[in-house]
Amino acid sequence: MNKLIIFLLATLFSVSVCAQDSTVMRKHRVSFLSEAELSPAFFFKGRGLSFSTVYNFSDEVSLGLGAKPFMMHYRERDTCYEYFTVKTDGRISWHKDTKRGSEFDPEFCLPFYVTIKCAFSKRTNASPFLEIRLGKDVLNATVDFYRTICIGARFGFKKHYSQAVNVSFGWQKNGCDEDFHDNQGTILFKAGYEF
């Protein structure tokens, strides 16, 4: 009889431990996130990577720091030049030249930011989330903060879904001194790996 009671208590204890362990995925753990990012706008395309280190306060809320090195590639366009020249004999000649180029040189940007991410489900392998970033570009003379807001999905795998593929879509702005950047921001596509 004592062996049966000990067996039942041991079974009950192991079931409760497994049940608790199955719900804890990332709580009180540090996660690293690397994402490829694309931000197409009318005048330029932003391409780059972001690297974040976050502390997971719970399976739903994480807070961290990150950096996003990226390039802004401006669209090329044709510029036509028309002009007249007067030759030594008095004849007037009309000329037309076309040059292809962009209005600005490509820019390298490096904002450092604070990120907060809120997931809306912790017990599934697919969880929607909301992410907000706020920071400052350290390479450009920015007059405004770097800021991003994204919604996306986290597709977890491995034990307790601790590793994941993140896909998101949102809006970003990294204001610079140039009038060219005085816009309402750009859309942003991100895909990355969390471990």
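Trainee: What makes β1 and β12 count as paired strands?

Mentor: Strand β1 (residues 29–40) and strand β12 (residues 186–194) are joined antiparallel by 6 bridges. Pairing requires that DSSP find at least two bridges between two strands, so β1 and β12 qualify. One facing pair is Ala36 and Ala191 of β12. This is a predicted model, in which local features need pLDDT of at least 70 and side-chain atom pairs count only at pLDDT 80 or more, while totals for chains, interfaces and linings use all residues. Residues are numbered from 1 along each chain as its sequence is written, and side-chain values use heavy atoms, with hydrogens and water left out.

Trainee: How do you know that β11 is also paired with β12, and in which sense do the two run?

Mentor: Strand β11 (residues 163–174) is linked to β12 by 9 bridges, in the antiparallel sense. Here Val167 faces Ala191 of β12. Ala191 thus has Ala36 opposite it as well as Val167.

Trainee: How many helices and strands does the protein chain have, and what makes a run of residues count as either?

Mentor: The chain contains 1 helix and 12 strands. Both are DSSP runs numbered from the N terminus: helices are H or I with at least four residues, strands are E with at least two. The order from the N terminus is α-β-β-β-β-β-β-β-β-β-β-β-β.

Trainee: Why is Ser168 called buried rather than exposed?

Mentor: Ser168, in strand β11, has a relative accessible area of 6%. Buried means under 20%, exposed over 50%, and partly exposed in between (1.4 Å probe, protein chains only); Ser168 is therefore buried. Leaving aside neighbours within four places in sequence, Ser168 is in contact (heavy atoms within 4.5 Å) with Phe129, Cys150, Ile151, Gly152, Leu188, Phe189 and Lys190. Across the 195 residues of the chain, 34% are buried.

Trainee: Which class does Phe120 fall into, and why?

Mentor: Phe120 has a relative accessible area of 57% and is therefore exposed. Phe120 sits in the loop between β8 and β9 (126–137). Beyond four places in sequence, Phe120 touches Ser127, Pro128, Phe129 and Leu130.

Trainee: What class does Phe32 belong to, and why?

Mentor: Phe32, in strand β1, has a relative accessible area of 37%, so Phe32 is partly exposed. Apart from neighbours within four places in sequence, Phe32 contacts Ser52, Thr53, Tyr193, Glu194 and Phe195. Phe32 and Glu194 are 162 residues apart in sequence, yet 5.7 Å apart in space, C-alpha to C-alpha.

Trainee: What makes a space in the model a cavity, and how many are found?

Mentor: On a 1 Å grid over the protein atoms alone, a cavity is a set of points where a 1.4 Å probe fits but cannot get out. The whole structure has 2 cavities of 30 Å³ or more. The largest holds about 130 Å³, a volume being the space filled by probe spheres set on the grid points, which are joined across faces, edges and corners.

Trainee: Which residues line the largest cavity, and what makes a residue part of a lining?

Mentor: A lining residue has an atom within 4 Å of a point. There are 15 such residues, with Val54, Asn56, Ser62, Lys117 and Glu194 nearest the centre. Two or more come from each of β2 (44–56), β3 (61–67) and β8 (111–119), and β8 gives the largest share, 3 residues.

Technical notes
1 Å grid on protein atoms, 1.4 Å probe; cavity = no way out; pocket = protein on both sides within 12 Å on 5 of 7 lines; lining within 4 Å.
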